[in-house]
Amino acid sequence: MKLSRAASRYAKAILDLAIEKKEAAAVNDEMKSVLTTVHGNKELQDFLKSPVVKSDQKRGALRQIFSKAGGITMGAFDLIVDNQRADILGDIATKYILLFEEMNKREVATVTTAVEITPELEAKVLAKAKELAGTEVTLEKKIDPSIVGGFILRVGDKEINASVHSTLGELRREFAGK
């Protein structure tokens with residue numbers, strides 16, 4: 001996953017402030033929510049990228065969507081919007097999560113499926129991700145309807161692409177013996 005330098009810099013600054021304020025874990029949870037929301041909503045992505053939409057509208061929308069977010073996250077929204085970087089908000093959230101997990105000696109694994117996976121299957125995918133990473137792993141789930149079936153598991157720079165499977169039943173059989 002290639003993230004922009006700007007996203008990395010914003011994420012690092014947000015993490016540094018969150019550590020200083022002893023709110024890094026809370027901000028991490030908020031960034032997970034931001035990531036899920038932004039990547040799961042094409043209209044929001046288009047809205048944040050649009051040069052026609054005014055900064056005040058973007059700021060207001062983010063404050064309304066993430067109304068339960070804390071001061072650090074709200075301040076980050078303001079800074080990002082003021083600097084006309086709302087288009088990389090999802091990347092900033094991704095990088096923050098990666099930095100936070102790295103700081104806590106954990107790796108983030110991402111599993112992308114066409115539909116929600118069962119808890120049993122999630123446990124098997126998590127076990128495989130831990131095996132690939134060789135360390136503690138946090139599993140991030142994404143749903144991408146464009147995948148016909150199967151899954152894509154990404155751990156660090158390793159990726160298992162089993163999207164050739166046509167059903168989740170085949171995915172279950174794939175992991176049943178592992």
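At 34% relative accessibility, Arg 63 counts as partly exposed, a label covering the range between buried (under 20% relative accessible area) and exposed (over 50%), with a 1.4 Å probe and protein chains only. The model is a predicted one, so local features need pLDDT of at least 70 and side-chain atom pairs count only at pLDDT 80 or more, while totals for chains, interfaces and linings use all residues. Residues are numbered from 1 along each chain as its sequence is written, and side-chain values rest on heavy atoms, with hydrogens and water left out.

Arg 63 forms a salt bridge with Asp 78, the closest N and O atoms being 2.7 Å apart. This pair links distant parts of the chain, with Asp 78 in helix H5 and Arg 63 in helix H4, 15 residues apart. Helices here are DSSP runs (H or I, at least four residues), as strands are (E, at least two), and they are numbered from the N terminus. A salt bridge is taken as a side-chain nitrogen of Lys or Arg within 4 Å of a carboxyl oxygen of Asp or Glu, and by this rule there are 10 of them. As general background, side chains of opposite charge can pair when their charged atoms come close.

A further bridge joins Asp 82 to Arg 59, at 2.0 Å from N to O. Here too distant parts of the chain are linked: Asp 82 sits in H5 (residues 71-82) and Arg 59 in H4 (residues 55-65), 23 residues apart. The two partners differ in burial, because Asp 82 is partly exposed at 48% relative accessibility, whereas Arg 59, at 17%, counts as buried. Put together, Asp 56, Arg 59, Arg 63, Asp 78 and Asp 82 are linked in a network of salt bridges.

How do the two helices themselves sit? In general, two packed helices are described by the angle between their axes and the distance between the axes. The axes of H4 and H5 come within 10 Å and cross at roughly 160°; these axes are lines fitted to C-alpha atoms, for helices over the stretch in contact, with angles running from 0 to 180 degrees between N-to-C directions. That makes H4 roughly antiparallel to H5, the term for angles over 145 degrees (under 35 is roughly parallel, 65 to 115 roughly perpendicular, the rest oblique). At the interface, Ser 55, Lys 58, Arg 59, Leu 62 and Arg 63 in H4 meet Met 74, Phe 77, Asp 78, Val 81 and Asp 82 in H5, contact meaning heavy atoms within 4.5 Å.

Turning to the rings, the structure holds 2 aromatic pairs. Rings of Phe, Tyr and Trp (its six-membered ring) pair if their centres lie within 6.5 Å, and planes under 30 degrees apart count as stacked, over 60 as edge-to-face and the rest as tilted. Phe 66 and Phe 77 have ring centres 5.4 Å apart and planes at 45°, so the pair is tilted. Phe 66 lies in the loop between H4 and H5 and Phe 77 in helix H5, 11 residues apart, and both Phe 66 and Phe 77 are buried. The rings of Tyr 96 and Phe 100 have centres 6.5 Å apart and planes at 10°, so this pair is stacked. Tyr 96 and Phe 100 are 4 residues apart in helix H6 (residues 89-103), about one helical turn. Tyr 96 is buried at 0% relative accessible area, and Phe 100 is buried at 7%.
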